[in-house]
Amino acid sequence: MATSLGANTYNRQNWEDAICARPFTVFRWCPGTRMRFKKTEVCQTCSKMKNVCQTCLLDLEYGLPIQVRDTGLDIKDDVPKSDVNKEYYTQNMEREIGNSDGTRPVGILGKAPSSSEMLLKLARTTPYYKRNRPHICSFWVKGECKRGEECPYRHEKPTDPDDPLADQNIKDRYYGINDPVADKLLKRASTMPRLDTPEDKTITTLYVGGLGDTISDAELRNHFYQFGEIRTTTIVQRQQCAFIQFATRQAAELAAEKSFNKLIINGRRLTVKWGRSQAARGKEAIKDGVSEMGTRLDPVPGLPGALPPPPALEEDTPANYFNLEAGTSPNVMNISLPPPPGINPLPPGFGPPMFHMGSMGPPPPPPMGMRPPGHIHYPSQDPQRMGAHAARHGD
């Protein structure tokens, strides 16, 4: 049992707050200069059940809290919390660990998927030495520390007490509940970009953008051929993009999973997306000013705008071809034109007669000898038109 040689009250409180109540050897050591002492928190059996470190209680494969690991693998913690049930569960797991080779996790963790895209993105692969730093000196915060540079604790301003990271519980970290560090990592994972697989199984093409002028067709094939057979490779140099079509859907999914947000060729980070189906490209070839390649089309200056839709025609509404007013009789219509400026109006009787469109057609024009002088029959005889005045003076 993880106890120390202090007072009985401290021993009892330490035993009650301990994660593991099984007897095990507690190791205590200092990881480096100006670091705080570390010690083992759980026994080897509890560590192997969760596949975590005995000291920091982080996953041994990804370096992440247990709550993040279980969320990424979609598993639920089944370790009981009561003493009797926990001891019975631990004995069964210890027997299962003894029958295994010790290289793989056991229990529900051993049946879980081997990897997760979210865990691979959040995994910590480099050492994190800040977790070994000493705690903040409470006497220095109150201005009463007299040790100076010999003080083994940090003389720094403490974090905001309202910060969730300021309230961490190692017991909650082991059981994967209410862990503020895990909540922070899960929020970061929710904001990370992801590539959704299209439902159309006929799509086997990947779009690769941001090629520039230095990436060639051979370099793209050298990267994507490892995922499966490539049917065609099309490079659109004007748009600086390429389309990689695979022979199978499985190869395309593997290439999208391994290349999304990770593809770097010749020092350039490339964009990888799924292509669109032929039906979608036929319906949305140019929609909202976007071309088939996915680029924004600039408007062409000088082109007329879209024509307004024609008015709805009702069957009961008569066709008004001559734009007559509502009170005008449709049978009688005067088609005489007003005289141009500068010419006296015609005397009565010389104007064009009134005729009925319904009963008979328009009368023939009068002979040339009977036409009144000065009457204009053609637009070219209008003296106000350009060139007409000069023609009259030339006569």
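## Helix 3 and the residue after it

In this predicted model, Asp74 comes just after helix 3 and takes a positive phi of about 60°. Most residues other than glycine have a negative phi.

Helix 3 itself, residues 66-73, is mostly covered, with seven of its eight residues buried. These buried residues are Ile66, Gln67, Val68, Arg69, Asp70, Gly72 and Leu73. Charged and polar names thus appear in the list beside Ile66, Val68 and Leu73. What lies over the buried residues of helix 3? The cover includes helix 2, helix 5 (108-111), helix 6 (117-122), helix 8 (170-175) and helix 9 (180-191).

## Two other residues with positive phi

Leu57 is not a glycine, yet its phi is positive, about 60°. Leu57 sits in the loop that runs between helix 2 (44-50) and helix 3 (66-73). Is Leu57 buried or exposed? Its relative accessible area is 0%, so Leu57 is buried.

Asn266 also has a positive phi, near 55°, and is a residue other than glycine. Asn266 belongs to the loop between strand 6 (264-265) and strand 7 (268-269). With a relative accessibility of 47%, Asn266 counts as partly exposed. The cut-off for exposed is over 50%, which is why a value of 47% does not reach that class.

## A buried arginine and its partners

Arg22 is in the loop between helix 1 (8-17) and strand 1 (28-29). Its relative accessibility is 15%, and buried means under 20%, so Arg22 counts as buried.

Which side chains does the side chain of Arg22 meet in polar contacts? One is the side chain of Glu87, at 3.1 Å. Another is the side chain of Glu94, at 2.9 Å.

## Aromatic pairs

How many aromatic pairs does a search of the whole structure find? The search gives four. One of them joins Tyr174 and Tyr175, whose ring centres are 5.4 Å apart; their planes meet at 80°, so the pair is edge-to-face. Tyr174 is buried, at a relative accessible area of 1%, and Tyr175 counts as buried at 7% relative accessibility.

The rings of Phe224 and Phe246 are also paired, with centres 6.2 Å apart and planes at 70°, so this pair is edge-to-face. Phe224 lies in helix 10 (residues 217-224) and Phe246 in strand 5 (residues 241-246), so the pair ties together parts that are 22 residues apart in sequence. Both Phe224 and Phe246 are buried. Together with Phe227, Phe224 and Phe246 form one aromatic cluster.

## Gly228 and Ala251

Gly228 is found in the loop between helix 10 and strand 4 (230-236). Gly228 is partly exposed, with a relative accessible area of 22%.

Which residues does Gly228 contact, leaving aside its neighbours within four places in sequence? They are Phe246 and Ala251. Phe246 is also a member of the aromatic cluster described above. The C-alpha atoms of Gly228 and Ala251 are separated by 4.9 Å, although the two residues are 23 residues apart along the chain.

## Arginines over rings

The charged end of Arg28 sits over the ring of Phe37, 4.2 Å from the ring centre. Arg124 is placed over the face of Tyr128, at 4.3 Å from the centre of that ring.

## A region listed in UniProt

An unreviewed UniProt entry lists residues 131-158 as "zinc finger region: C3H1-type". In the model, the chain over residues 131-158 is 14% helix and 0% strand. The end C-alpha atoms of this stretch are 15 Å apart.

## The protein as a whole

The secondary structure of the protein comes to 13 helices and 10 strands. Of its 395 residues, 26% are buried. The protein exposes about 28,600 Å², and carbon and sulfur atoms supply 53% of that area.

What share of contacts between residues at least 6 apart in sequence joins residues at least 24 apart? The share is 54%.

Definitions and conventions. Residues are numbered from 1 along each chain as its sequence is written. Side-chain values use heavy atoms; hydrogens and water are left out. Helices (H or I, at least four residues) and strands (E, at least two) are DSSP runs, numbered from the N terminus. Buried means under 20% relative accessible area, exposed over 50%, partly exposed in between (1.4 Å probe, protein chains only). A polar contact is a pair of N or O atoms within 3.5 Å; within protein, one must be able to donate a hydrogen and the other to accept it, and residues adjacent in sequence count only if both atoms are side-chain atoms. Rings of Phe, Tyr and Trp (its six-membered ring) pair if their centres lie within 6.5 Å; planes under 30 degrees apart count as stacked, over 60 as edge-to-face and the rest as tilted. A charge sits over a ring if NZ of Lys or CZ of Arg is within 6 Å of the ring centre and within 35 degrees of the ring normal. UniProt positions are given in the numbering used here, feature names are shortened, and annotations may be inferred rather than shown by experiment. Contact means heavy atoms within 4.5 Å. Accessible areas come from the Shrake-Rupley method with a 1.4 Å probe; for residues, only the protein chains shown count as cover.
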